[in-house]
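Some questions and answers on a structure follow. The sequence and the model come first.

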Amino acid sequence: MPDSVILQGSDDENDQVDIQNNQVHAQDKSWHENDEEPDDFDRDSELDLSNSSTSEDKTYGDIVDSMKFIVFEDCLDILLAQTRCAECNAPMCAKNKTVSGTNVVYSIEYLCNHQELAWSAQPYLGTSKQKVAAGNVMTCAATLYTGLTYSRISSFANCMNLAMISDSTFYNLQSSVLIPIVNEAWKKQRNDMMTELKGNNVPVTLAGDGRCDSPGFNAKYCTYSFQDTLSRRIIDYELVQVTQTGTSQAMEKFGFCQTLDRLLCDGVSVGTIVTDRHVGIRSAMKKTYPNTSHQFDVYHMANTIRKQEVQGPWRSA
Ligand SMILES: [Zn+2]
């Protein structure tokens, strides 16, 4: 089998190991013939790969800030073929490769009876019982936090034969690690904003609007969000499911009331609320929150006027 076949990604790892062994055996011959360390060998400057596989001395910040590279398999093979036993300087005789998502772990054997070298291309996060390669978690995190989807990054990776995590790993890490982190960060950010707003002692002006997962009468979810118009930050939101209200149309008002009640309950002084001209919200403002000023936002007003102007002649015809 020609080398080029292997480098293009053969599934048969035994073939790879055999061919690598042949190459190394040719080198071994010269090593035994000399029976001495090569002249240019400097033990102190020899690659010490054994420490690279642990992250015990690294913080999460170090791992995030560390640069990452795309490394080709054949380039890695060249590097690993040059490693030698740390005890006796014997050259490599075989290596086994295990691919785990974006990570690759090598077990390297030497022409001596000393211990094999276990080398991982990535540090690990978590405990020794439940550890995960940092690159796998960070691939998931970068995908979720930049608004991409698994299918997009999977296609990207397929296009260039880049090792990638499976969809089940992606969704497992998303639900078990990433979403809890987002929730935790949101809770902290919201608490900080509540403390700041209460400390200002000035009634806030909030702009609110709802966004549903699909238009029309078939929406299943609606997110109602309030923005502080001064800082332009979203200070609270509510995700409503249609089963909570019975109808899709009722979700927006329900989300509005839930979010506003929670803000008032947390001690935020709300002076003015700006919304679109939603009938249910106009009614709720009059009946439930009569002391809060209610205004309509310019965007929705302008849109309504524009539609009336465009539709006017045909409507009257
Ligand atoms: Zn050795």
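Q: Which strands does helix 9 lie across, and at about what angle does it run to strand 8?
A: In this predicted model, helix 9 covers residues 251-265. Strand 6, strand 7, strand 8 and strand 9 (270-275) are the strands that helix 9 lies across, and its angle to strand 8 is about 135°.

Q: Why is one side of strand 8 and of strand 10 left without a neighbour in the sheet?
A: Five strands form an open sheet with mixed pairing, in the order 8-7-6-9-10. Strand 8 (233-241) and strand 10 (293-296) each have a single partner strand, so one side of each has no neighbour, because both stand at the edges.

Q: By how many degrees are neighbouring strands of this sheet turned against each other on average?
A: The sheet is open and has five strands. With direction ignored, the average turn between its neighbouring strands is 25°.

Q: Which residue is the bridge partner of D209 in strand 7?
A: Strand 6 (residues 204-212) pairs with strand 7 (residues 221-228) over seven bridges, in the antiparallel sense. Within strand 7, the bridge partner of D209 is S225.

Q: Which element gives the most residues to the largest nonpolar core?
A: The largest nonpolar core has 10 residues, among them C212, Y224, F254 and L260. Two or more residues come from strand 7 and from helix 9. The most, four residues, come from helix 9.

Q: How many residues are in the second, separate core?
A: In soluble globular proteins, nonpolar side chains tend to be buried together. The second core is separate and includes Y124, V132, A134 and I165. Its residue count is nine.

Q: Which residue in the turn between strand 1 and strand 2 has a positive phi?
A: Strand 1 (residues 92-100) and strand 2 (residues 103-110) are antiparallel and pair over eight bridges, with V99 opposite V104 in strand 2. The two strands form a hairpin with two residues between them. The turn residue with a positive phi, about 65°, is G101.

Q: What distance separates the end C-alpha atoms of helix 5, and what span should its residues give?
A: Helix 5 (residues 134-145) has 12 residues, and 1.5 Å a residue is the rise to use. The expected span is therefore 16 Å, and the end C-alpha atoms agree, at 16 Å apart.

Q: Which elements do the buried residues of helix 5 pack against?
A: The buried residues of helix 5 are A134, G135, N136, V137, T139, C140 and T143. They pack against helix 3 (60-65), strand 2, strand 4 (124-126), strand 5 (131-133), helix 6 (150-159) and helix 7 (167-200).

Note on methods:
Residues numbered from 1 in each chain as written. Predicted model: local features only at pLDDT ≥ 70, side-chain atom pairs only at ≥ 80, totals over all residues. Pairing = 2+ DSSP bridges. Axes fitted to C-alpha atoms, helices over the stretch in contact; angles between N-to-C directions. Contact = placed C-beta atoms within 7 Å. Core = buried A, V, L, I, M, F, W, Y, C linked by C-beta atoms within 7 Å. Buried ≥ 20, exposed ≤ 12 C-beta atoms within 10 Å, placed from the backbone. Expected span 1.5 Å × (residues − 1).
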